Amino acid sequence: MKAWLKFSPNIVNKSIISEAIKRYDIDFNILRANITPRGGKMLVEISGPEEKEGIEFIEGAGIEVHPAMRVVKKDRDKCVDCGACVSLCPVSAIYIEDDWEIRIDDQKCIGCSFCVNSCPTRAIMLFE
């Protein structure tokens, strides 16, 4: 599950995530983070046999969990497969196939929209 975690100022110094990893044997991949003493948010990918229990623990400790729903889609009629978007993707969700067609992996996409702004034909759109 990809999710945005929102931290309030009163919990940023607590080791909630490491405790969840230990207790529930979850894999926790940080895709993006911006946390200061005033709070912040983190985009993560959480998986494992006790994923649901780990997420419930995190929420119970005061961290808001919002599933990440933002993904980009390509309009095949507009796309000229120029590749301007490929190098900007921070998670390699956009790639070039052997036939030189640009493809987008929805499972890897974090919805940062760097590719949307780089597309000269406006063939890439962000959906929530």
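These notebook entries record what I looked up in a predicted model of one protein chain.

**Entry 1. Overall layout**

I began with the secondary structure and counted 3 helices and 8 strands in the chain. Followed along the sequence, these elements give the pattern β-α-β-β-α-β-β-β-β-α-β. I then took the extent of the C-alpha trace, which spans about 50 × 30 × 20 Å along its principal axes. Among contacts between residues at least 6 apart in sequence, I noted that 64% join residues at least 24 apart.

**Entry 2. Surface and charge**

I looked up burial for the whole chain: 37% of its 128 residues count as buried. The chain exposes about 7,900 Å², and 49% of that area is supplied by carbon and sulfur atoms. For the charges, I found 17 positive and 20 negative, with their mean positions 8 Å apart.

**Entry 3. The nonpolar cores**

In soluble globular proteins, nonpolar side chains tend to be buried together. I therefore asked which residues of the largest nonpolar core touch the most other members. They are Leu5, Phe7, Ile17, Phe28, Ile46, Ile58 and Ile63, in a core of 19 residues. I traced the core to its elements: strand 1 (2–7), helix 1 (16–24), strand 3 (39–47) and helix 2 (51–60) each supply at least two of its residues. Helix 1 gives the largest share, 4 residues. I also recorded a second, separate core of 14 residues, with Val71, Ile102, Val116 and Ala123 among them.

I then examined leucine 5 in the largest core. Leaving aside neighbours within four places in sequence, leucine 5 is in contact with Ile17, Phe28, Gly40, Lys41, Met42, Val44, Ile63, Glu64 and Val65.

**Entry 4. Isoleucine 16**

I placed isoleucine 16 in helix 1. Its relative accessible area is 8%, so isoleucine 16 is buried. Beyond its neighbours within four places in sequence, isoleucine 16 is in contact with Ile11, Phe57, Ile58, Ala61 and Ile63. I also took the C-alpha separation from lysine 2, 14 residues away along the chain, and found 18 Å.

**Entry 5. The aromatic pair**

A pair of aromatic rings is described by the distance of the centres and the angle of the planes. I searched the chain for such pairs and the count came to 1. The rings of tyrosine 24 and phenylalanine 57 have centres 5.8 Å apart and planes at 50°, so I entered the pair as tilted. The partners belong to distant parts of the chain, 33 residues apart, with tyrosine 24 in helix 1 and phenylalanine 57 in helix 2. I checked burial for the two residues, and both tyrosine 24 and phenylalanine 57 are buried.

**Entry 6. Leucine 88**

I located leucine 88 in the loop between strand 5 (71–74) and strand 6 (94–96). Is leucine 88 buried or partly exposed? With a relative accessible area of 41%, leucine 88 is partly exposed, because the buried class requires under 20%. Outside its neighbours within four places in sequence, leucine 88 is in contact with Phe114 and Ser118. Serine 118 is 30 residues from leucine 88 in sequence, and their C-alpha atoms are 8.1 Å apart.

**Entry 7. Phenylalanine 127**

I found phenylalanine 127 in strand 8 (residues 124–127). Phenylalanine 127 counts as partly exposed, at 40% relative accessibility. Its C-alpha atom lies 5.5 Å from that of valine 71, although the two residues are 56 apart along the chain. Val71 had already been entered as a member of the second core.

Notes
Residues numbered from 1 in each chain as written. Predicted model: local features only at pLDDT ≥ 70, side-chain atom pairs only at ≥ 80, totals over all residues. Heavy atoms only, no water. Buried < 20%, exposed > 50% of the residue type's maximum accessible area, 1.4 Å probe, protein only. Contact = heavy atoms within 4.5 Å. Areas by Shrake-Rupley, 256 points an atom, 1.4 Å probe, with all protein chains shown as cover. Lys, Arg positive; Asp, Glu negative; His and termini not counted. Charge placed at Lys NZ, Arg CZ, Asp CG, Glu CD. Core = buried A, V, L, I, M, F, W, Y, C linked by side-chain atoms within 4.5 Å. Phe/Tyr/Trp six-rings, centres within 6.5 Å; stacked < 30°, edge-to-face > 60°.
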